[in-house]
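Student: I should like a close look at one part of this structure, namely the helix packing and the aromatic residues associated with it. Please give one connected account.

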Amino acid sequence: MTRRPASPPPTPAAPGPRGVTLVISWAVDAGKEAQFERLTHEIASHARQFCGHDGVTWLRPPAGRGIYHSVLRFTDEERLTQWVRLPERQQWLRRVHGIAHEVSESPAQMTGTETWFSLPEQPVKAPPKWKATLVTMLGAYPVAFGINWLLSPLLTDWPLPLRALAFPLVAAPLLTFLIMPRLSRLLRNWLYPGADR
């Protein structure tokens, strides 16, 4: 009986491109906010049809402030560059002229938690990833502790997939709507040094 030679280990697949995010701040003329927001819905519908577009979040300013932030997510930097140069977007920019103007454009950021952080009203650099990671861990720890303390004893008889589902169902809304916005405001001077000067 001849022994078959061992087959070589499979070559690991090359990692796919990481998503990129671009944050753009817009100064909107007083009294033209509703008109600007209608135009944001229009460009968002164009973006949804663009290959490689992963979504856009518009952050509305507090009352009386005119700085909006758009958080654009794309599958890779090449698709982002194509979108920025797209004729439809250029036409949209011409329509926005006279209503609002771009006041800052951050470099593309390799991250997925932009909407967890309150952005300053004036243009500044995005916080370093290590700071964002520390703040996220600071917010996630009490949620994880509370879930393990309060919920885990009640779920011991549940199947593992349902027990695992309980954590994101509770943690994601708490972090997104309650904990992270407050933490980012509390640590604003550390995350965005010089933003209030």
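**Helix packing and aromatic pairs**

Tutor: In this predicted model, helices α1 and α3 are roughly antiparallel to each other, because their axes cross at roughly 180 degrees and an angle over 145 degrees counts as roughly antiparallel. The two axes come within 11 Å. On the α1 side, the contact is made by F36, L39, T40, E42, I43 and H46; on the α3 side, E88, R89, W92, R95 and V96 take part. By character, the residues of this contact divide into five nonpolar, two polar and four charged.

Two of the residues in that contact, F36 of α1 and W92 of α3, also belong to one aromatic cluster, which is formed by W26, F36, W58, Y68 and W92. Across the whole structure, a search finds 10 aromatic pairs. In the pair of W26 and F36, the ring centres are 6.2 Å apart and the planes stand at 50 degrees, so the pair is tilted; the tilted class covers angles that are neither under 30 nor over 60 degrees. This pair links distant parts of the chain, with W26 in strand β1 (residues 20–28) and F36 in helix α1 (residues 33–48), 10 residues apart. Both partners fall under the 20% cut-off for burial: W26 is buried with a relative accessible area of 3%, and F36 is buried with a value of 0%.

A further aromatic pair, F50 with F74, is edge-to-face, with 6.2 Å centre to centre and 75 degrees between the planes. F50 lies in the loop between α1 and β2, whereas F74 lies in strand β3 (residues 67–74), so that distant parts of the chain, 24 residues apart, are linked. F50 and F74 are both buried.

The packing of helix α4 (residues 129–151) against helix α5 (residues 160–186) may be set beside that of α1 and α3. Here the angle is about 140 degrees and the axes are 10 Å apart, which makes α4 oblique to α5. The crossing of α4 past α5 is right-handed. From α4, the residues V135, T136, L138, G139, A140, V143, A144, I147 and L151 meet F167, V170, A171, L174, L175, I179, M180 and L183 of α5. The residues of this contact divide into 15 nonpolar, two polar and no charged, whereas those of the contact of α1 with α3 include four charged.

Conventions
Residues are numbered from 1 along each chain as its sequence is written. This is a predicted model: local features need pLDDT of at least 70, side-chain atom pairs count only at pLDDT 80 or more; totals for chains, interfaces and linings use all residues. Side-chain values use heavy atoms; hydrogens and water are left out. Rings of Phe, Tyr and Trp (its six-membered ring) pair if their centres lie within 6.5 Å; planes under 30 degrees apart count as stacked, over 60 as edge-to-face and the rest as tilted. Helices (H or I, at least four residues) and strands (E, at least two) are DSSP runs, numbered from the N terminus. Buried means under 20% relative accessible area, exposed over 50%, partly exposed in between (1.4 Å probe, protein chains only). Axes are lines fitted to C-alpha atoms, for helices over the stretch in contact, and angles run from 0 to 180 degrees between N-to-C directions. Angles under 35 degrees count as roughly parallel, over 145 as roughly antiparallel, 65 to 115 as roughly perpendicular and the rest as oblique. A crossing is left-handed if the near helix is turned anticlockwise from the far one by less than a right angle, and right-handed if clockwise. Contact means heavy atoms within 4.5 Å. Ala, Val, Leu, Ile, Met, Phe, Trp, Tyr, Cys and Pro count as nonpolar, Asp, Glu, Lys and Arg as charged, and the others, Gly among them, as polar.
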